[in-house]
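Could you walk me through this model in my viewer, one selection at a time? I would like to know what to pick next and what to look for there.

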Amino acid sequence: MVTKKQIIDRARNESRTLLTEVESKDLLRQAGINVTDTRLATSKEEAVSVSRKLGFPIVLKVASPDIVHKSDAGGVKLGLKTSKQVGKAYDDILKAVSQKYPRAAVHGVSVQRMARPGVEVIIGMSRDAQFGPVLMFGLGGIMVELLKDVSFRIVPLTGWDAHEMVREIKGYPLLEGYRGQEPVDVSALEELLVKVSAFIEHAPEIKELDLNPVLARSDGVVAVDARAVLEESDW
């Protein structure tokens, strides 16, 4: 397994602050945070091989430190059910990205099995000049930009902080099981918030962090996408 130091040193050696999804998830996994198994493929053949090992359906995403919004770049393909679809999607992603971002450094394509649906939430962190790292929680996916239904706490978080954060958002009834929907494991969400807080507390190199979306279900929580940004001042 690539260590936290190796991941950060590699980014610094390449003079970049944005970690790829694969790198970001590697950091989180080492901190005991549940993320989808995501692997980097540097060729179409490798993407197909990894897909067969992980199992269909598959999600492919461009892995580039220069592209923040992967979907807008045509860099995301969902629900791929066969090796043929994976191969075509790999080529389509690279073609779309090269046309929209011809100067972007592309490491390859991340490959992950498509996760079961759940309530999408977001956990984010940014560093305030006065208060230091501040953790955010709210409804995830596109809803975070549309509704801006979020809560904040200063790191480090206690279990009670996490308990309050989850219940402060207006969308909390969705987590309880709104209109017959299955309730999610709220205690797992609270535990995740505490784990992210602990990770941030011991990672001063991280300037920003986004886990979006995190899928919350009755059987637990899993982050299906992640993005970490390094502090420039630490270079």
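**A tour from helix 2 outward**

Begin by selecting helix 2: eight of its 10 residues are buried, so this helix is largely enclosed by the rest of the structure. Keep in mind as you go that this is a predicted model. To see the buried part of helix 2, show Glu21, Val22, Glu23, Ser24, Lys25, Asp26, Leu27 and Leu28. Just after helix 2, stop at Gly32, whose phi is positive, near 80 degrees.

Now add helix 1 (residues 4-13) to the selection. Its axis and that of helix 2 (residues 21-30) come within 10 Å and cross at roughly 155 degrees. With an angle over 145 degrees counting as roughly antiparallel, helix 1 and helix 2 are therefore roughly antiparallel to each other. The crossing of helix 1 past helix 2 is left-handed. For the contact itself, display Lys4, Ile7 and Arg10 from helix 1 together with Glu23, Asp26, Leu27 and Gln30 from helix 2. Colour them by class and you will find two nonpolar, one polar and four charged residues. On the helix 1 side, a general rule helps: an α-helix has 3.6 residues a turn, so residues three or four places apart point the same way.

Next, turn to the sheet. Four strands make up an open, antiparallel sheet in the order 1-4-2-3. At its edges are strand 1 (38-41) and strand 3 (76-80), each pairing on one side only. From one strand to the next, the twist averages 25 degrees. Helix 2 packs on this sheet, where it touches strand 1, strand 2 (58-63) and strand 4, and its direction makes about 145 degrees with that of strand 1.

Zoom in on strand 1 and strand 4 (residues 108-113), which run antiparallel and are joined by four bridges. Pick Thr38 and look for its bridge partner in strand 4, Gln112.

For the last stop, select strand 6 (residues 132-139). Eight of its eight residues are buried, so strand 6 is largely enclosed by the rest of the structure. Which strands pair with strand 6? One is strand 5 (residues 119-128), antiparallel to strand 6 and joined to it by eight bridges; another is strand 7 (residues 150-154), also antiparallel, with five bridges. Strand 5 and strand 6 form a hairpin, with three residues between them. To check the register, label Ile122, which stands opposite Gly138 in strand 6, and then Met136, which stands opposite Phe152 in strand 7.

Key. Residues numbered from 1 in each chain as written. Predicted model: local features only at pLDDT ≥ 70, side-chain atom pairs only at ≥ 80, totals over all residues. Heavy atoms only, no water. Axes fitted to C-alpha atoms, helices over the stretch in contact; angles between N-to-C directions. Helix = DSSP H or I, 4+ residues; strand = E, 2+ residues; numbered from the N terminus. Parallel < 35°, antiparallel > 145°, perpendicular 65-115°, else oblique. Left-handed = near helix turned anticlockwise from the far one by under 90°. Contact = heavy atoms within 4.5 Å. Nonpolar A, V, L, I, M, F, W, Y, C, P; charged D, E, K, R; others polar. Pairing = 2+ DSSP bridges. Buried < 20%, exposed > 50% of the residue type's maximum accessible area, 1.4 Å probe, protein only.
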